[in-house]
Amino acid sequence: MKGWLCTLLLLESFVFVVQQQVDEGLAENEISQQLSNEDRRQNPPQTDSLRDEASTDSQQYCHLSFSDIHAALRELTATVTEQKAHIRALETQLKEQQTFILEELNKKTDEISNLTESQVEELRKENRDREIAFSASLMESGGGHIGPFSTDITLTYRNVFTNIGNAYNPITGIFTAPLKGAYMFNFSIYGAGHPSTPSSASIMKNGEKVVVAHAHQAQYVVNSSNGVVLILEVGDVVYVRLWSGASIYDNEYNHSTFSGYLLFALK
């Protein structure tokens, strides 16, 4: 029991010394010197009689030599010192990463703040160019029939409700695509019932018939409508053609209309 007590006291003494020196930031060789000093303090020079007695007591109670403890503590000191160095390296790496992130954020902030007024206005203009929509009916005032004619004719919708982007021409009745994209078009027709005269018209793209609205009965009134989504290139034209031999009607109630708008631009 006394042997273990002796060993524990020695360990406690040297652990205290190691911890104190590590906390003070001493190097491994400096700590080893401190341990040697502690060794001499714990074991002062003795007379022959006292040395013999101490040797007997040491053999009896202290089975672990002081040099073994010293070696173990030196190893422990080296491990602690190595861990502290590793921690300092990690702290340095973390600071470098933080510095890099802050520098990148500052660069992005500078890029945004350096946008000139002309660049901002250019972006606004680009967005305005993408705002395309129109809607119109046949008659600006009054009412009446259009047709029948001996050939197909292009209808001119002169009563313009909306013409954002001015891509629709009310003089010619033709819509011209200002940019490539997907466009939605709708039209409606209205007419008087007649035994031999239908109400028929088509949406045309670059001279090609795309969709048709057709209605025919002998009396009363008729109406029909249709719509289509078209992919247009810049300069493509879209319009409505009244069939030969057909007739439609419009008045202040705007029965016969033609509308279109850009859904989204394409590259």
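How many aromatic pairs does a search of the whole structure find? In this predicted model, the search returns 11 such pairs, and several of the residues involved can be placed within the sheet described below. A pair of aromatic rings is described by the distance of the centres and the angle of the planes. For Phe134 and Phe185, the centres lie 6.4 Å apart and the planes make an angle of 50°, so that the pair falls between the limits of 30 and 60 degrees and is classed as tilted. This pair joins distant parts of the chain, given that Phe134 belongs to strand β1 and Phe185 to strand β7 (residues 181-192), with their positions 51 residues apart in sequence. Phe134 has a relative accessible area of 3% and is therefore counted as buried, and Phe185, at 0% relative accessibility, is likewise counted as buried. Phe185 also takes part in a pair with Tyr183, which is stacked because the ring centres are 6.3 Å apart and the planes stand at 20°; Tyr183 and Phe185 are both buried. Phe134, Tyr183 and Phe185 are members of one aromatic cluster, which also includes Tyr157, Tyr168, Phe175 and Phe258.

With regard to the chain as a whole, the protein contains 5 helices and 13 strands. Of its 267 residues, 30% count as buried, and the accessible surface comes to about 16,900 Å², of which 54% belongs to carbon and sulfur atoms. Among the contacts with a separation of 6 or more, 72% are accounted for by residues 24 or more positions apart in the protein chain.

Strands β1 and β7, which carry the tilted pair, are both part of an open sheet of 5 strands, arranged in the order β4-β1-β13-β7-β10 with antiparallel pairing. The edges of this sheet are occupied by β4 (159-164) and β10 (221-232), each of which has a single partner strand, so that one side of each is left without a neighbour in the sheet. Neighbouring strands of the sheet are turned against each other by 10° on average, direction ignored. Strands of a sheet pair through backbone hydrogen bonds, either parallel or antiparallel.

Taken from the β4 edge, the pairing can be followed strand by strand. β1 and β4 are joined in the antiparallel sense over 5 bridges, with Ala133 standing opposite Ile164 in β4. On its other side, β1 (residues 133-137) pairs with β13 (residues 257-265), again in the antiparallel sense and over 5 bridges; in this pairing Ser135 stands opposite Ser259, and Ser137 has Thr257 as its bridge partner. Of the 5 residues of β1, 4 are buried, and the strand is accordingly described as mostly covered. β13 is joined to β7 by 8 bridges, the two strands running antiparallel, and Met184 stands opposite Tyr261 in β13. The pairing of β7 with β10 is antiparallel and extends over 12 bridges, with Ile189 opposite Ser224 in β10. Because 10 of the 12 residues of β7 are buried, this strand is largely enclosed by the rest of the structure.

Two further residues were examined individually. Leu242 is found in strand β11 (residues 237-242) and counts as buried because its relative accessibility is 0%, below the limit of 20%. When neighbours within four places in sequence are left aside, Leu242 is in contact with Ile146, Gly147, Phe149, Thr151, Asp152, Ile153, Leu155, Ser200, Ala201, Ser247 and Ile248. The C-alpha atoms of Leu242 and Thr154 are 6.3 Å apart in space, although these residues are 88 positions apart in sequence.

Asn251, by contrast, is placed in a loop, namely the one between β12 (248-250) and β13. At 10% relative accessibility, Asn251 also lies under the limit of 20% and therefore counts as buried. The side chain of Asn251 makes a polar contact, at 3.5 Å, with the side chain of His255. Beyond the neighbours within four places in sequence, Asn251 is in contact with Met139, Gly142 and Gly143.

How values were computed. Residues are numbered from 1 along each chain as its sequence is written. This is a predicted model: local features need pLDDT of at least 70, side-chain atom pairs count only at pLDDT 80 or more; totals for chains, interfaces and linings use all residues. Side-chain values use heavy atoms; hydrogens and water are left out. Two strands pair if DSSP finds at least two bridges between them. Axes are lines fitted to C-alpha atoms, for helices over the stretch in contact, and angles run from 0 to 180 degrees between N-to-C directions. Buried means under 20% relative accessible area, exposed over 50%, partly exposed in between (1.4 Å probe, protein chains only). Contact means heavy atoms within 4.5 Å. Rings of Phe, Tyr and Trp (its six-membered ring) pair if their centres lie within 6.5 Å; planes under 30 degrees apart count as stacked, over 60 as edge-to-face and the rest as tilted. A polar contact is a pair of N or O atoms within 3.5 Å; within protein, one must be able to donate a hydrogen and the other to accept it, and residues adjacent in sequence count only if both atoms are side-chain atoms. Accessible areas come from the Shrake-Rupley method with a 1.4 Å probe; for residues, only the protein chains shown count as cover.
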